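Colleague: Could you take a close look at one part of this model for me, its interior? I work at the bench, so please explain your terms as you go.

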Amino acid sequence: MKVLILGSGGREHALAWAVARSPRVTQVVCAPGNGGMAQIARCVPVDLRELAAMVRLAEAEQPALTIVGPELPLSLGVVDTLQQRGLRVFGPTRAAAMLESSKGFAKQFLHRHNIPTPNYAVCASAAEVEKAIEVFHPPIVVKADGLAAGKGVIICSSRHTAAEAAQGLFTGALLGAAERQVVIEEFLEGDEISFLCLSDGKHVTPLVPAQDHKRIGEGDTGPNTGGMGVYSTDSMLDAAMSDWILRHIAEPTVEGMAAEDAPFTGVLYCGLMMTARGPQVLEFNARFGDPETQAILARMESDLVDALEACIDGRLAGVALRWAPGASACVVASSGGYPGSYKTGLPITGLAAAAQVPGVEVFHAGTVLEGGQMLTAGGRVLGVTAAADTLSEALARAYQAMAEISFEGMYYRRDIGHRALK
Ligand code: AMP
């Protein structure tokens, strides 16, 4: 069968790698893909902001399965449109993807269904913000309602700065586009866990948990990024807690969406804070995470295509996923200057030697293959991923492989997994 993957990051490279391992798959097409994906799949150009372009491509390719990587195409309704054209596609409809594309919707949904989440207010004007923040105590979290590629959350040390941040979101000064709503939220402390599940609209099956590292600097310092590394172990969530999250967060979310006539099929990514009053939902994503997917798929032993098709066909209840016991880790190599401005087009060396390290897969994010040479093409360039029996072994393998790789200005955090190793 032919599988089409929409996207061009490390997540999509990992998806393409996992899909290509399925004995049923004969052809993988990535749109637009990247330099790493070009080595295992056929890459075709497409603009992921253009619904019509994606539909034209899928109609021309006639894949047996389309997998949507990033959030933007989901929020444009690519799943709805491809389904209407009779194509099989993995991902939520536009209405279901609102769990990610509108934080205001997600918060009010959580509230309606009694699913634990920090106290909040959804505000549509500066005046509403002024009034709402009176009952919040600093630090106060201010969130853009819409998709913001990880840049829409501002943690404010006073009511005054919270009001300013909200104003910056309303005017567009902070993110470029003007927000119609902002979410004011109570600040919580605790460990963050990414709890990803597959859903067929009725049933939920968890993937292995992961913990990511959003800040650019070691010791979790400096500005937020798309994610500088992630790890997954069996011990980060015990069976009882995992079951609690499933029963009280993931399942009620999927049941609630079905009850509201927007059944959620796809990956439900619950971004949780583990607090003194239990796990709380900080955010939902309506898709695989990046770089969580790289670490999660490195541990997956089941056939990914079978699992995704079970979601589309509504028969997830009968599916038990198999995982390699132990751990995995993904360390991201970024361009010098990221998340600020950075150079691109720089040659990358050492990729072949890195791939020789046992248990290691080097997933590409911002790369392009030009005349046989791999070049940098983005802020996050590579995700060096390793699986092993223990987290320290997985990290040792990932860092050993990373030491082989080089490009001008290359940066990576040397402390991925530090919280678990402590
Ligand atoms: P989000 O996109 O909502 O997950 O927020 C991005 C990051 O901001 C999270 O991964 C947290 O580190 C932080 N964050 C978001 N909401 C809160 C909150 N209510 N309390 C503390 N930190 C938060």
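Modeller: Happy to; I will start with an aromatic contact, go on to strands and enclosed spaces, and end with some backbone details.

A word on the ground rules: this is a predicted model, so local features need pLDDT of at least 70 and side-chain atom pairs count only at pLDDT 80 or more, while totals for chains, interfaces and linings use all residues. Residues are numbered from 1 along each chain as its sequence is written, and side-chain values use heavy atoms, leaving out hydrogens and water.

Let's begin with helix H1, which covers residues 10-20. Helices here are DSSP runs of H or I with at least four residues, strands are E runs of at least two, and both are numbered from the N terminus. In H1, 10 of the 11 residues are buried, among them His13, Leu15 and Trp17. Buried means under 20% relative accessible area, exposed means over 50%, and partly exposed is in between, using a 1.4 Å probe and protein chains only.

Trp17 is a good residue to stop at. Its relative accessibility is 16%, so Trp17 counts as buried. The charged end of Arg21 sits over the ring of Trp17, 4.1 Å from the ring centre; the rule asks for NZ of Lys or CZ of Arg within 6 Å of the centre and within 35 degrees of the ring normal.

Trp17 also has an aromatic partner. Rings of Phe, Tyr and Trp (its six-membered ring) pair if their centres lie within 6.5 Å; planes under 30 degrees apart are stacked, over 60 edge-to-face, and the rest tilted. That rule gives 5 aromatic pairs. In one of them, the ring centres of Trp17 and Phe363 are 5.3 Å apart with planes at 70°, so the pair is edge-to-face. This pair joins distant parts of the chain, with Trp17 in helix H1 and Phe363 in strand S19, 346 residues apart.

Phe363 has a relative accessible area of 1% and is buried. Its strand, S19 (residues 360-364), has 4 of 5 residues buried, so S19 is largely enclosed by the rest of the structure. S19 pairs with strand S22 (residues 380-388) in the antiparallel sense over 5 bridges; pairing needs at least two DSSP bridges between two strands. One of the bridge partnerships puts Glu361 with Thr385 of S22.

Strand S6 (residues 120-123) is covered on both faces: Tyr120 and Val122 are buried on one side, Ala121 and Cys123 on the other. S6 pairs with strand S9 (residues 182-186), antiparallel, over 4 bridges, and Tyr120 stands opposite Glu185 there.

Now for the empty spaces. On a 1 Å grid over the protein atoms alone, a cavity is a set of points where a 1.4 Å probe fits but cannot get out; a pocket is an open set with protein on both sides within 12 Å along at least five of seven lines; lining residues have an atom within 4 Å of a point. Points are joined across faces, edges and corners, and a volume is the space filled by probe spheres set on them.

The whole structure holds 2 cavities of 30 Å³ or more. The largest has a volume of about 40 Å³, and its lining includes Ile67, Phe90, Arg287 and Phe288. By class, that lining has 8 nonpolar, 1 polar and 1 charged residue. Here Ala, Val, Leu, Ile, Met, Phe, Trp, Tyr, Cys and Pro are nonpolar, Asp, Glu, Lys and Arg charged, and the others, Gly among them, polar.

The second largest cavity has about 30 Å³ of space, with Glu71, Ser101 and Leu147 among its lining residues. Helix H3 gives the most to that lining, with 3 residues. Its classes are 4 nonpolar, 2 polar and 2 charged.

Finally, the backbone. The peptide bond from Ala31 to Pro32 is cis, with omega near -5°, and Pro32 lies in strand S2 (residues 27-32). Asp220 has a positive phi of about 55° although it is not a glycine; its loop runs between strand S13 and strand S14. At 25% relative accessibility, Asp220 counts as partly exposed.
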